[in-house]
Amino acid sequence: MSPTVTTLPETPRYTTSEIVLHWTIAGLVLYQWLMGQGMADIFYAIRDGADRDGYGPAFVHVGLGLTILVLVVVRLGMRLRRPGAPLPESRDPRLDRAARLLHLSFYALLIAMPVLGAVAWWGESGAFGVLHSVLAWALALVVVAYAGLALYQRFALGEDVLRRLVRPT
């Protein structure tokens with residue numbers, strides 16, 4: 001027997017600009033993650049003397065990484081001015097703590113990764129490149145955990161909190 005879905009009309013939703021920014025960042029991160037899998041090879045080839053002109057996708061990756069950094073800073077500014085919508089009292093507080101921890105992890109990773117990637121790229125630092133790659137995998141794990149939590153809330157608990165990221169106020 002599946003749970004009844006509880007819509008949360010009393011819970012404010014995100015604004016259109018917050019939703020657009022969220023999904024823009026999510027799409028760029030997915031693209032970066034998929035495209036970035038070959039960046040280590042490009043990085044080492046260039047570091048070993050290959051011509052940078054032949055590696056246009058690397059410049060796209062670097063540029064989009066910096067774009068993500070700017071968008072995340074903008075999103076953080078928006079969040080500081082208008083904190084996330086409060087959640088209903090009936091929820092399990094452990095889910096709230098998990099969601100907050102995952103959000104903090106997102107922000108930390110989405111700020112650290114472009115910075116480390118830029119240092120690796122322009123500073124030609126393999127160590128920073130490795131750390132950047134490790135954080136990319138950490139981000140993938142955070143995304144999976146966050147999606148799992150959202151799906152658990154939706155299908156196991158019947159809480160339709162995902163709607164807040166689809167339909168604006």
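Of the 169 residues in the chain, 36% are buried. The structure is a predicted model, with a mean pLDDT of 85 over the chain and 88% of its residues at 70 or more. One stretch calls for caution: over residues 6–11 the pLDDT is below 50, although the model gives this stretch 13 contacts beyond near neighbours in sequence. Where pLDDT is low, the predicted coordinates should not be read in detail.

The secondary structure consists of 5 helices and 0 strands, and the order of elements from the N terminus is α-α-α-α-α. Among contacts between residues at least 6 apart in sequence, 84% join residues at least 24 apart. The accessible surface of the chain amounts to about 9900 Å², and carbon and sulfur atoms account for 68% of that area.

Two of the helices can be checked against their expected spans. Helix α4 has 31 residues and should span 45 Å at 1.5 Å a residue; its end C-alpha atoms lie 44 Å apart, so the two values agree. Helix α5, with 31 residues, should likewise span 45 Å, and the 44 Å between its end C-alpha atoms agrees with this. Each helix is followed by a residue with positive phi: after α4 comes Glu124, with phi near 50°, and after α5 comes Gly158, with phi near 75°.

Helix α5 also shows how the helices are brought together. Its buried residues include Gly126, Gly129, His132, Leu135, Ala136 and Leu139, and further along the helix Val142, Leu149, Ala150 and Gln153 are buried as well. The buried residues of α5 pack against α1 (16–35), α2 (39–47), α3 (56–81) and α4.

In soluble globular proteins, nonpolar side chains tend to be buried together. In this model, the largest nonpolar core has 23 residues, of which Ile25, Val29, Ile68, Val72, Leu110 and Leu139 touch the most other members. Helices α1, α3, α4 and α5 each supply at least two residues of this core, and α4 gives the most, with 9 residues. Ile68 offers a local view: leaving aside its neighbours within four places in sequence, Ile68 is in contact with Leu28, Val29, Gln32 and Leu110. A second, separate core has 7 residues, among them Ile42, Ala58, Val62 and Trp121.

The aromatic side chains add a further level of detail. A pair of aromatic rings is described by the distance of the centres and the angle of the planes. The whole structure contains 4 aromatic pairs. In one of them, the ring centres of Phe43 and Tyr44 are 5.1 Å apart and the planes meet at 80°; because an angle over 60 degrees counts as edge-to-face, the pair is assigned to that class. The two partners differ in burial: Phe43 is buried, with a relative accessible area of 9%, whereas Tyr44 is partly exposed at 30%.

Another pair is formed by Phe106 and Tyr146, whose ring centres are 5.3 Å apart and whose planes are at 80°, so this pair is also edge-to-face. Phe106 belongs to α4 (residues 93–123) and Tyr146 to α5 (residues 126–156), and the pair therefore ties together parts that are 40 residues apart in sequence. Phe106 has a relative accessibility of 17% and so counts as buried, because the cut-off for burial is 20%.

Key:
Residues numbered from 1 in each chain as written. Heavy atoms only, no water. Phe/Tyr/Trp six-rings, centres within 6.5 Å; stacked < 30°, edge-to-face > 60°. Buried < 20%, exposed > 50% of the residue type's maximum accessible area, 1.4 Å probe, protein only. Helix = DSSP H or I, 4+ residues; strand = E, 2+ residues; numbered from the N terminus. Expected span 1.5 Å × (residues − 1). Contact = heavy atoms within 4.5 Å. Core = buried A, V, L, I, M, F, W, Y, C linked by side-chain atoms within 4.5 Å. pLDDT = per-residue confidence, 0-100. Areas by Shrake-Rupley, 256 points an atom, 1.4 Å probe, with all protein chains shown as cover.
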